[in-house]
Amino acid sequence: MKVGFIGLGNMGAAMAARLAQRGYVLSVYDVRNEAVSDFTAQYGATGAGSAREAVRDADVVTFMRTAWGNKSGSVTAAQVAKIRAETNPASDRVEVLRMK
């Protein structure tokens, strides 16, 4: 499953790292180019030059933990919840957005 991940600050980088360590294919973006290059070097993710590029081919999109988008429509709510749980197990709030 391809995950577009936007935001690699302290919390975002930790959440994205959890996904990378569990074998998800990540495309990452941050306004700080250094954050993207550091993350891609460490975790083998694909770096994106813009948020649009990061989510272009993603099945699931996350902007930290505030919103989750199911871009393809083929990903179930349970799969999104699993990704959410793997990035931030303490969070019980999830918002799933259908994206066109």
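**Entry 1: Asp38**

I began with Asp38, which lies in helix α2, and I kept in mind from the start that this is a predicted model. I looked up how open this residue is to the outside, and at 45% relative accessibility Asp38 counts as partly exposed, because the range for that label lies between the buried limit of 20% and the exposed limit of 50%. I then checked Asp38 against Ala13, and found the two 25 residues apart in sequence and 9.9 Å apart in space, taken from C-alpha to C-alpha.

**Entry 2: the chain as a whole**

I stepped back to the whole protein chain, where I counted four helices and six strands. Reading from the N terminus on, I wrote the order of the elements down as β-α-β-α-β-α-β-β-α-β. The chain has 100 residues, and 42% of them count as buried.

**Entry 3: strand β1 and its partners**

I turned next to strand β1, residues 2-6, and asked myself how many of its five residues are buried. Four of them are, so I noted the strand as largely enclosed by the rest of the structure. I looked for its pairing partners and found that β1 runs parallel to strand β2, residues 25-29, with five bridges between them. Within this pairing I could place Lys2 with Val25 as its bridge partner in β2, and Gly4 with Ser27, also in β2.

I found that β1 also pairs with strand β4, residues 60-63, again in parallel, and here four bridges join the two. In this pairing Ile6 stands opposite Phe63 of β4.

**Entry 4: strand β2 and the crossovers**

I then followed strand β2, which is mostly covered, with four of its five residues buried. Between β1 and β2 comes helix α1, residues 10-21, and I recorded that these three elements make a right-handed β-α-β unit. On the way onward, β2 pairs in the parallel sense with β3 over two bridges, and in β3 the bridge partner of Val28 is Gly47. The chain passes from β2 through α2 to β3, and I noted this β-α-β crossover as right-handed.

**Entry 5: the nonpolar cores**

I looked up where nonpolar side chains come together, bearing in mind that in soluble globular proteins such side chains tend to be buried together. The largest nonpolar core has 15 residues, and those touching the most other members are Phe5, Leu8, Ala16, Leu19, Leu26, Val28 and Phe39. The elements that give two or more residues to this core are β1, α1, β2 and α2, the last of which spans residues 33-43. Which element gives the most to this core? I found that α1 does, with five residues. There is also a second, separate core of seven residues, and I listed Tyr29, Ala54, Ala58 and Val61 among its members.

**Entry 6: the largest pocket**

I then searched for openings, and noted for the largest pocket a volume of about 160 Å³. The elements that give two or more residues to its lining are β1, β2 and α3, the last of which covers residues 51-55. I asked which element gives the most to the lining of this pocket, and found that β2 does so with three residues. The lining is made up of Lys2, Val3, Val25, Leu26, Ser27, Thr46, Glu53, Ala54, Arg56, Asp57 and Ala58. Sorting these by character, I obtained five nonpolar residues, two polar ones and four charged ones. Looking back, I saw that Lys2 and Val25, which are bridge partners, both belong to this lining.

**Entry 7: Ser50 and Arg52 beside Tyr29**

I ended with two residues that I compared in turn with Tyr29, which I had already listed in the second core. Ser50 lies in the loop between β3, residues 46-47, and α3. I asked where Ser50 falls on the scale of exposure, and at 27% relative accessibility this residue counts as partly exposed. Ser50 and Tyr29 are 21 residues apart in sequence, while their C-alpha atoms are 6.2 Å apart in space.

Arg52 is found in helix α3, and with a relative accessible area of 65% I noted this residue as exposed, because that label applies over 50%. Arg52 and Tyr29 are 23 residues apart in sequence and 9.0 Å apart in space, again from C-alpha to C-alpha.

Technical notes: Residues are numbered from 1 along each chain as its sequence is written. This is a predicted model: local features need pLDDT of at least 70, side-chain atom pairs count only at pLDDT 80 or more; totals for chains, interfaces and linings use all residues. Side-chain values use heavy atoms; hydrogens and water are left out. Buried means under 20% relative accessible area, exposed over 50%, partly exposed in between (1.4 Å probe, protein chains only). Two strands pair if DSSP finds at least two bridges between them. A crossover is right-handed if, with the strands pointing away from the viewer, the path from the first strand over the helix to the second runs clockwise. On a 1 Å grid over the protein atoms alone, a cavity is a set of points where a 1.4 Å probe fits but cannot get out, and a pocket is an open set with protein on both sides within 12 Å along at least five of seven lines; lining residues have an atom within 4 Å of a point. Grid points are joined across faces, edges and corners, and a volume is the space filled by probe spheres set on the points. Ala, Val, Leu, Ile, Met, Phe, Trp, Tyr, Cys and Pro count as nonpolar, Asp, Glu, Lys and Arg as charged, and the others, Gly among them, as polar. A nonpolar core is a set of buried Ala, Val, Leu, Ile, Met, Phe, Trp, Tyr and Cys residues joined through side-chain atoms within 4.5 Å.
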